[in-house]
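I opened this entry to note what I looked up, beginning with how far the model can be trusted and going on to its core and its sheet.

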Amino acid sequence: MKLQGVSLTLATGVLLLAGVVERSFLKGAVAAKPEANLTGSVVGRVRLEGLKPEPARTNMSSDPTCAKQHPGAVIAEDFVVGSEGALENVVVFISDGMNGKSFDVPAEAAVIEQKGCVYKPHVVAMRADQKLRIVNSDNTLHNIHPVPTNNREWNKAQPAGSTMEETFAREEIAIPVKCNVHPWMRSYIAVFKHPYFAVTGKGGSFDLRNLPPGEYTVKAWHEKLGMMPQKITVAAGEAKKVEFVFKAPGH
Ligand SMILES: [Cu+2]
């Protein structure tokens, strides 16, 4: 153990030395950048450890308009797992450390589409008071019904081919959404009062940018696996690497 400690100290010393050399090299190149640009970021990926649960298969036979769009089996999107356990559809966000700062709401709408009697995307992340454009691209009636705990509940029938708009006033991670016509339809909408959030896609990766230096709690949320927090410190100009590992159910 002692020997290991000595070699670790040596290694740290060499690394530190390398850091000093590297910094002095870079100094000239970055000197022109104004201080204000030195925001940081939080980058990383989310993984599932253990055996991926068998995905649910959906039977759409109650609505032939839906069923005929899916010649093969329809697989639920709760566990979309890529190579090395890369987990998609996870919301990663800053939950603490914003100190009451307020941010402009984007003018552009977030979008959720009903296509093939499935919600696209399966997980939406958006801002409080931002417009949500709800699109029915199917040739059948849908009924969109978010079931929030911290927002106003609404429940709207949506005729084939139509579009409508709604908003959520308060932060909530995340609101389950269902369709009263098609019981298999399910999505989640995460609503934030700040812009520091992402939903993992292919590779399970995320990137929260333009974060002022500071101490934060960053959380990952998955619809079946729940919430996982980590405390982090982001330095000016730093790309903080963070990894979240969820354990598969039964592991
Ligand atoms: Cu529907």
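I looked first at confidence: the chain has a mean pLDDT of 87, with 85% of its residues at 70 or more, pLDDT being the predictor's confidence in each residue, from 0 to 100. Over residues 1–34 the pLDDT is below 50, and beyond near neighbours in sequence this stretch has zero contacts in the model, a contact being two residues whose C-beta atoms, placed from the backbone, lie within 7 Å. Where pLDDT is low, the predicted coordinates should not be read in detail.

I noted that this is a predicted model, in which local features need pLDDT of at least 70 and side-chain atom pairs count only at pLDDT 80 or more, while totals for chains, interfaces and linings use all residues. Residues are numbered from 1 along each chain as its sequence is written.

Next I looked up the largest nonpolar core (buried Ala, Val, Leu, Ile, Met, Phe, Trp, Tyr and Cys residues joined through C-beta atoms within 7 Å; buried means 20 or more other C-beta atoms within 10 Å of a residue's own). Of its 43 residues, Val 91, Val 92 and Ala 125 touch the most other members. Domain 1 (36–101 + 195–251) and domain 2 (104–193) both contribute residues, so this core lies between them; the bounds come from an automatic or database domain assignment. Leaving aside neighbours within four places in sequence, Val 91 has contacts that include Val 123, Ile 173, Phe 197 and Trp 221.

Last I traced an open sheet of four strands, ordered β6-β5-β8-β11 with mixed pairing, where strands are DSSP E runs of at least two residues, numbered from the N terminus, and pair if DSSP finds at least two bridges between them. Its edge strands are β6 (118–120) and β11 (163–166). Strand β8 (residues 132–136) pairs with β11 in the antiparallel sense over four bridges, and Arg 133 has Glu 165 of β11 as its bridge partner.

Methods: A residue is buried if 20 or more other C-beta atoms lie within 10 Å of its own, exposed if 12 or fewer, and partly exposed in between; C-beta atoms are placed from the backbone.
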